[in-house]
Amino acid sequence: MKVSRRSALQMTAAAVAAPAILKASDALASSGTVKVFAWQDYIQPNIAEAFEAETGITLDLTTYGSNDEAESTVRASGGKGFDVVFPSITNAAGYVDDNGDSFFMAVPTDVNTDNVIPSFMRDSASLGGVHKGEQILLPFDWGTEGVTYNSSEMPIDGQVSYGDLWVDAAKGKAAFRQKSVIMGTGLYLDATGEVPSNRMLDVYKSEDDARRVWGEITKWMLERKENFGAFWNNATEATAAFKDAGSIIGQTWDTTGLLLNRENGDYLYRAPKEGIITWLDSFGILKGAENKDQAVAFMNFMLKPETGGMFANNTGYNSAVQGAADYASDEFKAQFNEVYTADVLGNMWWWQADTPFFAPVRNEFVEIITNA
């Protein structure tokens, strides 16, 4: 779900000429290669070069553009060919083989798991990070989906709501990703009592519940389809919805709204009062990894606060590493503090672990919305 996640690329980080300074704990992983499979924008050159300089390990990086692409690649190879993979944690079930076993191994004890924000570590268990009682994936980064709006063209009094996409002032000027808007609008309709859904958790409970809830939400949206302004599926399209298609409000990822705000202060990204939709990406080591020691060294490097800050500056995503914000830029910290107040952080709505019927049923209603 994110910036620059549109196509797959391959990159092998260049080895740094200067001799690496190694810690004793890295001794077993001070040579060789680690094969990493990550989202396209996650491991940028400054991180790759710093990793190689610190550890002496060559980073062989392959990138992907969607969770589906990553899952199909790992499954096709039987869980081999890579050492470390970065799935969205809610997609963990897509990495389970026909015997019900995960392609990921239990997180090795020498990985610095204490560096992960404790609440994220706790919540990861129910989101897909634990399989058969073992922690297989660690939280790595997180982001949100809320409301971006042009405050000069559409002033909003008080706290923003997902319902603001459907007011008269937004006719023909609301932007959204179809498979997300039925969740945000659902949270709004649950809060108003129009479509009870247990804060949209019912769509994960059973196929019948999913069809009931999404069916009522879709009907409600189609009665207001004159508000449809632009659909988006990636960050480039989301930005274009505002810059080129004339949208003045939209349900967007945080990176879209915050980057627009950096260019024009009239654009604001805010957390809806019904709860900001939050995703969590993770990483883990495959059981078929050929370079386990190097994989552990890579994970520990990525779990350093300094690396977390570098990652945040590179991508605009929020690191799940404790203390990473101390190493982020002043601009990043200012925007973070403006959006993610204590009240917002206490009212997050997490994407849940996918159930077998979730995506197929949702796609049926997405198609109805798209064809409207």
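**Strand E7 and its surroundings: group meeting presentation**

Good morning. I begin with strand E7, because 13 of its 13 residues are buried, so the strand is largely enclosed by the rest of the structure. Before I continue, please keep in mind that this is a predicted model. Strand E7 covers residues 138-150, and I shall use this strand as the starting point for the pairing pattern.

Which strand pairs with E7 over seven bridges? That partner is E12, residues 276-285, and the two strands pair in the antiparallel sense. Within this pair, Gly143 of E7 stands opposite Trp279 in E12.

E7 also pairs with E10, again in the antiparallel sense, over five bridges. Two positions let you locate this pairing on the display. Gly146 stands opposite Thr252 in E10, and Thr148 stands opposite Gly250 in E10.

Thr148 has a further partner. E7 is joined to strand E11, residues 267-270, by four bridges, and the two run antiparallel. In E11, the bridge partner of Thr148 is Tyr269. Thr148 is thus placed against Gly250 in E10 and against Tyr269 in E11.

There is also a pairing with E13. Two bridges join E7 to E13, and these strands run antiparallel. Here the bridge partner of Asp141 is Ser319 in E13. To summarise the pairings of E7 shown so far, they involve E12, E10, E11 and E13. As a general point for reading the display, side chains in a regular strand alternate between the two faces of the sheet.

Let me turn to E10 itself. Is strand E10, residues 249-253, mostly covered or mostly open? The strand is mostly covered, with five of its five residues buried. Apart from its antiparallel pairing with E7, E10 is joined by two bridges to strand E8, residues 174-176, and those two strands run parallel. In that pair, Ala174 has Ile249 of E10 as its bridge partner.

I now move from the strands to the nonpolar interior. The largest nonpolar core has 112 residues, and the members that touch the most others are Ile43, Phe86 and Trp214. Helix H8, residues 292-302, gives the most to this core, with seven residues.

Phe86 deserves a closer look. Setting aside neighbours within four places in sequence, Phe86 is in contact with a list of residues that includes Val36, Phe37, Ala38 and Trp39, as well as Tyr42 and Ile43. That list also includes Phe140, Ser282, Phe283 and Phe298. Ile43, another of the three core members just named, is therefore a residue that Phe86 touches directly, because the contact list of Phe86 contains Ile43. Next come some loop residues with polar side-chain contacts. Tyr317 lies in the loop between helix H9, residues 305-315, and strand E13, residues 318-319. Tyr317 counts as buried because its relative accessibility is 1%, against a cut-off of under 20%. Which side chain does the side chain of Tyr317 meet in a polar contact? The partner is the side chain of Asp41, at 2.9 Å. Asp41 is itself in a loop, between strand E2, residues 33-39, and helix H1, residues 45-55. Asp41 is also buried, with a relative accessible area of 6%. As for the backbone, the C-alpha atoms of Tyr317 and Phe332 are separated by 9.6 Å, and these two residues are 15 apart along the chain.

Another example is Asn291, found in the loop between E12 and H8. Asn291 counts as buried at 16% relative accessibility. A polar contact of 2.9 Å joins its side chain to that of Asp83. Beyond neighbours within four places in sequence, Asn291 is in contact with Thr33, Lys35 and Asp83.

I close with the protein overall. The protein contains twelve helices and 14 strands. Its radius of gyration is 21 Å, which agrees with the value near 21 Å for a compact globule of 372 residues. Along the principal axes, the C-alpha atoms fill a box of roughly 65 × 45 × 35 Å. Of the 372 residues, 53% count as buried. The exposed area is about 15200 Å², and carbon and sulfur atoms supply 49% of it. Finally, among contacts between residues at least 6 apart in sequence, 76% join residues at least 24 apart.

Thank you for your attention.

How values were computed:
Residues are numbered from 1 along each chain as its sequence is written. This is a predicted model: local features need pLDDT of at least 70, side-chain atom pairs count only at pLDDT 80 or more; totals for chains, interfaces and linings use all residues. Side-chain values use heavy atoms; hydrogens and water are left out. A nonpolar core is a set of buried Ala, Val, Leu, Ile, Met, Phe, Trp, Tyr and Cys residues joined through side-chain atoms within 4.5 Å. Buried means under 20% relative accessible area, exposed over 50%, partly exposed in between (1.4 Å probe, protein chains only). Contact means heavy atoms within 4.5 Å. Two strands pair if DSSP finds at least two bridges between them. A polar contact is a pair of N or O atoms within 3.5 Å; within protein, one must be able to donate a hydrogen and the other to accept it, and residues adjacent in sequence count only if both atoms are side-chain atoms. The radius of gyration is taken over C-alpha atoms; the globule rule is 2.2 Å times the number of residues to the power 0.38. Accessible areas come from the Shrake-Rupley method with a 1.4 Å probe; for residues, only the protein chains shown count as cover.
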